[in-house]
Amino acid sequence: MAKQKAEKTKYVVPKSKFNKTYIKRYWQLYALLLLPIIYLIVFKYLPMRYIIIAFKEYKLNMPLSKMPWASVKGQTDALKYFKAAFKDIDFKRALWNTVKLNLLDLIMGFPAPIIFALILNELCFKRFKKVVQTIAYMPHFLSWVIIASLATQLLAPTDGLVNQLITHLGGNSVPFLDDPSHWVGTYVGAGVWQNFGWGSIIYLASIASINTELYEAASVDGAGRFKKMWHVTLPGIKPTIVVLLIMNLGYIMGGGFERPWAMKNNLVIDVAEVISTYVYKVGIQRLKISLTTAVGLFQSVVGLFFLLTANTISRKLGERGIW
Amino acid sequence: MKVKSTQAKIGDWLFVVICVIIAAICVIPMVNLAAKSLSGTEFLIRHEVYLWPKGFSLEAYQTVLSDTKYQRAFVWTAVLTLICTILSLTMTALCAYPLIFPGLKGRGVINVFITITMFFNAGTIPNYLLMNDLHLLENPLVLILPSCLSIYNMIIMRSFFYGIPDSLRESAEIDGASFFQILLKIYVPLSKPVFASLALFYAVGRWNGYGDALMYIKTNKQYFPLQLLLYNILNNVNAVEVAAQEGFNQPGLKDSLKCATVMFATVPILLIYPWLQRYFIAGVTMGAVKE
């Protein structure tokens, strides 16, 4: 919306009234918007109707309004399923795992693209740089099913390439996939592997916009390669880093479904179950509809809170928010 | 002076070495998989295949390519991806274009209406119940409609549209072109880079996605996209069905078959993305810098 304000000052907004001539002139634009708006209403706003189920007893084939409010022993208790969720040891585990995996992702995954961009920036062979970039973008285009299977092939205890190398060098085979704590490492590592190249695009663009005179001035002052990296490049991309860091913090409660679902296995379920997989299992497979709607609502509301906070902080620091 | 330049050269080579290592980390998993998919059974059983195929054999690929199940899933996913990409690009343009007109009344309201959907999601179960009520469960349309517009991508396209000079639009208006004609004749042709970039994003998303199919389609297996089929096979879901297939009973061949199926699902994207590099780089930077 900051942007809109900028727009308003940039263009001279024609002051016209909402009358016949206006409609005659602009109706086509509203017609063009019709389909997207219908899409948003149906697939983004209509689902919100069902949120009420979190406070009700779900009954199959009954209209929403007729469903009775959630109750314990005849006493209406609309928050029953929220309380039930927080008594549920599986949900608490999923909540903890979601936060833990997201935080680890952030700690390991956030600096990786920055470091990679800095390294790329030091390459002076243009063609080589381009080849490295193309290769580094590749993992981003692989699906999580594929990445999970690559991990299985590469890290398997006996016949995986990595463990073969380790045992060949005299070490012991590492249970990358079967042992919970090692699995967490594999999960986070796969995330870094998938995203470090793609994430670097934005930092490279940011580096490219740094004034080259700053580098020349630093050279004149006798700064070497690393001094320039530290005193020119990093400060130059600091705004980008700050915005992305804050926005990433905003997604700390979020979490996709496909990555944990593809990477988990039965041996590590204690650390691999996150909210999205929990909701799928308990809600869609075991049909505890009210409970999982409540869980989903909790996640959405907390997620919204984090995002809005992140955005506000970002604005306060004088940076752009994401809207 | 001379000393300094050799120092610089050593530094350059240091970064080259680091980059070679990083690139190797990126490709080795794929190379390992490709080698396994092309290797003979006996070498796989003895765990002797590393980065180069041993006992070169195309048997696994022959099995995969002649299996009607994979053929069908491949064609279906390709058709699905094509439909989704075209539909999504159309929807994205329809949404982005009217919003660049400063004189459009209600633009602020519409922007808020759109932005809310970026921040608040009703959740998995409400979405599931909606699909149920819309009779979209088990319906192939469920793989197309719910994801046919991404607001993030719309913002990227809108940023690009903002970059097109207003004077072009205004002179066309004076010549009597309607807003729809202006979109088709001016904005779309001038926006090829952003269309290419977003087409790639949408296409990759659809080609790689399996979560929606997993949730919404259970019995109509003919509508499983390739990735879900792959997931089921790799994780031995429906183990009986899979074991019944010839090949999957022999341990070595099973491994090479798995690898060949993964290659089969991956190669199309790997062949396409390098050619669109300059477009998607523009797309990514536009989404972040302008907004």
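## A loop residue with positive phi in chain A

Let's start in the loop between α14 (275-285) and α15 (289-316) of chain A, where A:L287 lies. This is a predicted model, so the backbone angles discussed here are computed from predicted coordinates. A:L287 has a positive phi of about 60°, although it is not a glycine. That deserves a second look, since most residues other than glycine have a negative phi.

How many C-beta neighbours does A:L287 have inside 10 Å, and is A:L287 buried or exposed? The count is 12, and because a residue with 12 or fewer is classed as exposed, A:L287 falls in the exposed group.

## A counterpart in chain B

Chain B offers another case: B:E138, not a glycine either, has a positive phi of about 65°. Its place is the loop between α6 (124-133) and α7 (151-163) of chain B. B:E138 has 14 C-beta neighbours inside 10 Å and therefore counts as partly exposed.

## Two helices that meet across the chains

The helix α14 of chain A, which comes before the loop of A:L287, is also worth following to the other chain. Two packed helices are described by the angle between their axes and the distance between the axes. For α14(A) and α6(B), the angle is about 45° and the axes are 10 Å apart. An angle of that kind is neither under 35 degrees nor in the range 65 to 115, so the two helices, α14(A) and α6(B), are oblique to each other.

On the α14(A) side, the contact is made by A:S276, A:V279, A:Y280, A:G283 and A:I284, while α6(B) brings B:T124, B:I125 and B:Y128. By type, the residues of this contact divide into five nonpolar, three polar and no charged.

## The wider interface

Stepping back to the whole contact between the chains, 76 residues of chain B are in contact with 74 residues of chain A. On the chain B side, helix α1 (residues 2-37) gives the largest share, with 14 residues. The side of chain B that touches chain A is made up of 52 nonpolar, 19 polar and five charged residues.

B:Y273 gives a local view of how the chains touch. Its place is the loop between α14 (251-272) and α15 (277-289) of chain B. Leaving aside residues up to four places away in sequence, B:Y273 touches A:Y137 and A:F141 from chain A, as well as B:L200 from chain B. With 18 other C-beta atoms within 10 Å, B:Y273 is partly exposed. B:T63, by contrast, is 210 residues from B:Y273 in sequence and 27 Å from it in space, C-alpha to C-alpha.

## The two chains as wholes

Chain A has 15 helices and two strands. Its radius of gyration is 26 Å, well over the 20 Å that the globule rule gives for 323 residues, so chain A is more spread out than a compact globule. Taken along the principal axes, the C-alpha atoms of chain A fill a box of roughly 80 × 75 × 35 Å. Of the 323 residues in chain A, 39% are buried. Among its contacts between residues at least 6 apart in sequence, 62% join residues at least 24 apart.

Chain B has 15 helices and zero strands. Buried residues account for 38% of the 291 residues of chain B. Looking at contacts in chain B between residues at least 6 apart in sequence, 71% join residues at least 24 apart.

Key
Residues numbered from 1 in each chain as written. Chains lettered and ligands numbered in written order. Predicted model: local features only at pLDDT ≥ 70, side-chain atom pairs only at ≥ 80, totals over all residues. Contact = placed C-beta atoms within 7 Å. Helix = DSSP H or I, 4+ residues; strand = E, 2+ residues; numbered from the N terminus. Nonpolar A, V, L, I, M, F, W, Y, C, P; charged D, E, K, R; others polar. Buried ≥ 20, exposed ≤ 12 C-beta atoms within 10 Å, placed from the backbone. Rg over C-alpha atoms; globule rule 2.2 N^0.38 Å. Axes fitted to C-alpha atoms, helices over the stretch in contact; angles between N-to-C directions. Parallel < 35°, antiparallel > 145°, perpendicular 65-115°, else oblique.
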